[in-house]
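Please examine the sequence and the structure shown below. The paragraphs that follow lead through several of its parts in turn.

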Amino acid sequence: MTALIAAIAAPEHFKDILLRAKKETAIGGISKSRALIQRMGDHVASDVAEDDVPRLIALLLDIGDELIGPEPAHMIFYRSDEKLMSDLVCDSLRRLKTEQRSDVLSRSIDGGSALVIQECVLHALDQATTSGEATWIGADDLERLKNLWCGRVQELSEQGTFLTRPRLPGTLASWGQWGDAAAPRRWCEAVASTDAGLLELLKQLLQQNVVFGGNGPARQRPRLNPRSLEPYLDTRLCFDRLLQLRDRGAIPPEFQAAAHQFILEYELLAQGKNPDAP
């Protein structure tokens, strides 16, 4: 931990330590990078040099998304990787003067690529401000940061890798909520204009809900509710296209789970049934 804290002053070295640690497994089956982030939370209040606090925030808001891993189904009380890093950013903000926080976040969002961690931090600040439990930054500054984040999303959405970013459903939802409500739909429709794009998009939007039942172990249940996609796509058109692809045997194996789940839930809804029912 001492080496990681010292590496904050050398950003590329700090990034290298965490990205290499992401490939290793720590005690308990979690990634070593997650373990390091957890331990960093115990040190940020006193052991990180004052000049390094803005650097730490900027680093987490730049590479944090690359450290996000799958959520294990067997852990009941599990704090997601993005929540873990968001909490570390917020704890770091406590070290800054109130008038510094907005500028540090602004520079970090503008120069960073970790859209999920940035989004999670903004939601945390929004909740704290709305509830009155804390005033991290002014309401006007918070709105400006949301607009800046939306601009960053728009910019990165033009890259081919945007489609494979983690936690895509949440990013699309916040993009539409905080910015141009039509922007996520335009992006999704452009991606889904080809069959290959539609299949890849549905694969990325497929979610795994953790289900607890009886005395057995927790299990993951796939979900892809067409109603949740209505803000972004013509779901009837998607359904028809998927049926045609399925009938032609034109859905590659890696996309069949998402396509099947969409078709299944669309048909259940059309029959007036609840896809959440056992």
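Which of the 82 residues in the largest nonpolar core touch the most other members? They are Trp187 and Leu201. The model in which they are found is a predicted one. Setting aside residues up to four places away in sequence, Trp187 touches Ser157, Phe162, Leu163, Leu168, Leu172, Trp175 and Leu201.

Three of these partners, namely Leu168, Leu172 and Trp175, also appear among the buried residues of helix H9, which spans residues 168–178. The buried residues of H9 further include Thr171, Ser174, Gly176 and Trp178. These buried residues pack against four other helices: H7 (115–131), H8, H10 (183–191) and H11 (195–205).

A second example of packing is found between helices H2 and H3. The axes of H2 and of H3 (residues 32–41) lie 6 Å apart, and the two helices pack at an angle of about 125°. An angle over 115 but not over 145 degrees falls outside the parallel, perpendicular and antiparallel classes, and therefore H2 is oblique to H3. On the side of H2, the residues in this contact are Phe14, Ile17, Leu18 and Ala21; on the side of H3, they are Lys32, Ser33, Leu36, Ile37 and Met40. Sorted by class, the contact comprises seven nonpolar residues, one polar residue and one charged residue.

Helix H2 also contains Lys15. Is this residue buried or exposed? Lys15 has a relative accessible area of 17%; because buried means under 20%, Lys15 counts as buried. When residues up to four places away in sequence are not counted, Lys15 touches Leu59, Asp62 and Ile63. With Asp62, Lys15 forms a salt bridge in which the closest N and O atoms are 2.9 Å apart. This pair links distant parts of the chain, since Lys15 belongs to helix H2 (residues 11–21) and Asp62 to helix H4 (residues 53–63), 47 residues apart. Asp62 is buried, as is Lys15.

How many salt bridges does the structure hold? There are 21. Another of them joins Asp65 to Arg165, with the closest N and O atoms 3.5 Å apart. Here too the pair links distant parts of the chain: Asp65 lies in the loop between H4 and helix H5 (81–93), while Arg165 lies in the loop between helix H8 (139–156) and helix H9 (168–178), 100 residues apart. Asp65 is buried at a relative accessible area of 8%, and Arg165 counts as buried at 16% relative accessibility.

A further salt bridge brings together the side chains of Asp87 and Lys83, at 2.8 Å from N to O. Where do these two residues lie? Both are in helix H5, four residues apart, which is about one turn of the helix. In general, an α-helix has 3.6 residues a turn, so residues three or four places apart point the same way. The relative accessible area of Asp87 is 19%, and Asp87 is buried, whereas Lys83 counts as partly exposed at 36% relative accessibility. Salt bridges may also share partners, and in this way Glu12, Lys15 and Asp62 are joined into one network.

Notes: Residues are numbered from 1 along each chain as its sequence is written. This is a predicted model: local features need pLDDT of at least 70, side-chain atom pairs count only at pLDDT 80 or more; totals for chains, interfaces and linings use all residues. Side-chain values use heavy atoms; hydrogens and water are left out. A salt bridge is a side-chain nitrogen of Lys or Arg within 4 Å of a carboxyl oxygen of Asp or Glu. Buried means under 20% relative accessible area, exposed over 50%, partly exposed in between (1.4 Å probe, protein chains only). Contact means heavy atoms within 4.5 Å. Axes are lines fitted to C-alpha atoms, for helices over the stretch in contact, and angles run from 0 to 180 degrees between N-to-C directions. Angles under 35 degrees count as roughly parallel, over 145 as roughly antiparallel, 65 to 115 as roughly perpendicular and the rest as oblique. Ala, Val, Leu, Ile, Met, Phe, Trp, Tyr, Cys and Pro count as nonpolar, Asp, Glu, Lys and Arg as charged, and the others, Gly among them, as polar. A nonpolar core is a set of buried Ala, Val, Leu, Ile, Met, Phe, Trp, Tyr and Cys residues joined through side-chain atoms within 4.5 Å.
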